[in-house]
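Me: Could you take a close look at one part of this protein for me, the nonpolar core, and tell me how it sits within the chain?

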Amino acid sequence: MTTQSENDLVHLRLILVSGKTQDFTFSPNDSATDIAKHVFENWPAGWEEEQVSSPSILRLIFQGRFLHGNVTLGALKLPPGRTTVMHLVARETLPEPNSHGQRNREKTTESNCCLLL
């Protein structure tokens with residue numbers, strides 16, 4: 001990470017499914033993949049029971065959505081100098097981007113008529 005002033009950095013509070021939390025600090029240029037790798041390499045004391053075998057299965061969830069690997073913190077427009085909460089889960093694969101929304105649109109177009117007798 002490049003040296004930046006504290007006010008330019010993004011503070012993340014990561015929450016595990018177990019409810020355990022840990023605070024980390026990143027550059028706005030760091031991607032979801034960079035964050036997963038950093039957390040894996042600096043696994044917090046107290047998280048031993050949740051230790052994973054590889055950083056590639058660590059996934060970030062922000063505002064209910066999985067962050068794909070190349071998304072940077074800056075692209076999310078997170079406020080620098082403030083703490084943002086994200087969930088951290090172990091998951092092998094991610095859903096395709098917007099796949100859930102596409103499925104919902106398909107469902108709503110299946111039946112748009114009503115029959116009155």
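Reply: Happy to; here is a walk from the whole chain into the core and then out to two loops.

A word on the basis first: this is a predicted model, in which local features need pLDDT of at least 70, side-chain atom pairs count only at pLDDT 80 or more, and totals for chains, interfaces and linings use all residues. Residues are numbered from 1 along each chain as its sequence is written, and side-chain values use heavy atoms, with hydrogens and water left out.

The protein chain has two helices and five strands, in the order β-β-α-β-β-β-α from the N terminus. Helices (H or I, at least four residues) and strands (E, at least two) are DSSP runs, numbered from the N terminus. Of the 117 residues, 29% are buried; buried means under 20% relative accessible area, exposed over 50%, and partly exposed in between (1.4 Å probe, protein chains only).

Now to the core itself. A nonpolar core is a set of buried Ala, Val, Leu, Ile, Met, Phe, Trp, Tyr and Cys residues joined through side-chain atoms within 4.5 Å. The largest one here holds 22 residues, and L12, L14, V39 and M86 touch the most other members. Two or more residues come from each of strand 1 (10-15), strand 2 (21-26), helix 1 (32-41), strand 3 (58-62) and strand 5 (83-90). Helix 1 gives the most, with four residues. In soluble globular proteins, nonpolar side chains tend to be buried together.

L14 makes a good vantage point. Leaving aside neighbours within four places in sequence, L14 is in contact (heavy atoms within 4.5 Å) with K20, T21, Q22, F24, V39, W47, L60, M86 and L88.

T84, in strand 5, is also buried, with a relative accessible area of 8%. Not counting residues up to four places away in sequence, T84 touches H11, L12, R13, F62, L78 and P79. Across the protein chain, among contacts between residues at least 6 apart in sequence, 62% join residues at least 24 apart.

For contrast, turn to the loops. Q63 is in the loop between strand 3 and strand 4 (65-66), and K77 lies in the loop between strand 4 and strand 5. Most residues other than glycine have a negative phi. Q63, however, has a positive phi of about 50 degrees, and K77 one of about 60 degrees. Both count as exposed, Q63 at 69% relative accessibility and K77 at 71%.
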